[in-house]
Amino acid sequence: MPENEIENGIREAFLRAGWYPIKTEAGMVARRQKHGHLPAGFPDLTVFRRLPGTPLCLAALIEVKTETGTLEPSQVERHAELVTYGLSPRIIRDAGAAAALIAEGNRVAALLRGQR
């Protein structure tokens, strides 16, 4: 299955779960096909889940790859940089892996609700 179809399925899974997905298009910015300020190698999607009762949200950074796809050198570099900030970009290859990340976000949101 082509990467864009996988990405669409992942976006749909997050939308159905109440998350807000944004396609970053960092690759297009890096190739100067679009204007923007995202650095080369930034993950394909950023998804947000609201935290009721607060102006804050949970966020996840997602790199979409096919079953056999590998990271480009700029992606390896950018992901390593994000890790230095304590962020954990996820490589997702299918909607099933998206469901696992959605479940983790729901688990964390429930924990935060319990701490109030």
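Modeller: Let's start with a word we will need: a residue is buried at under 20% relative accessible area, exposed at over 50%, and partly exposed in between, using a 1.4 Å probe and protein chains only. This is a predicted model, where local features need pLDDT of at least 70, side-chain atom pairs count only at pLDDT 80 or more, and totals for chains, interfaces and linings use all residues. Residues are numbered from 1 along each chain as its sequence is written, and side-chain values use heavy atoms, leaving out hydrogens and water.

Colleague: Which residues of helix 3 are exposed on the face turned away from its buried side?

Modeller: Pro73, Glu77 and Thr84. The buried ones are Gln75, Arg78, His79 and Leu82.

Colleague: Why are those buried residues on the same side of helix 3?

Modeller: Because they cover an arc of only 100° around the axis, taking the directions from the helix axis to the C-beta atoms. They pack against strand 3, with contact meaning heavy atoms within 4.5 Å.

Colleague: What makes Glu63 a residue without a salt bridge?

Modeller: A salt bridge needs a side-chain nitrogen of Lys or Arg within 4 Å of a carboxyl oxygen of Asp or Glu. For the buried Glu63, the nearest side chain of opposite charge, Lys65, is 4.3 Å away, so the cut-off is not met.

Colleague: What makes the pair of Glu63 and His79 a polar contact?

Modeller: Their side chains are 3.1 Å apart, and the definition asks for a pair of N or O atoms within 3.5 Å, one able to donate a hydrogen and the other to accept it. Glu63 lies in strand 3 (residues 57-64).

How values were computed. Helices (H or I, at least four residues) and strands (E, at least two) are DSSP runs, numbered from the N terminus. Lys and Arg count as positive and Asp and Glu as negative; His and the chain ends are not counted.
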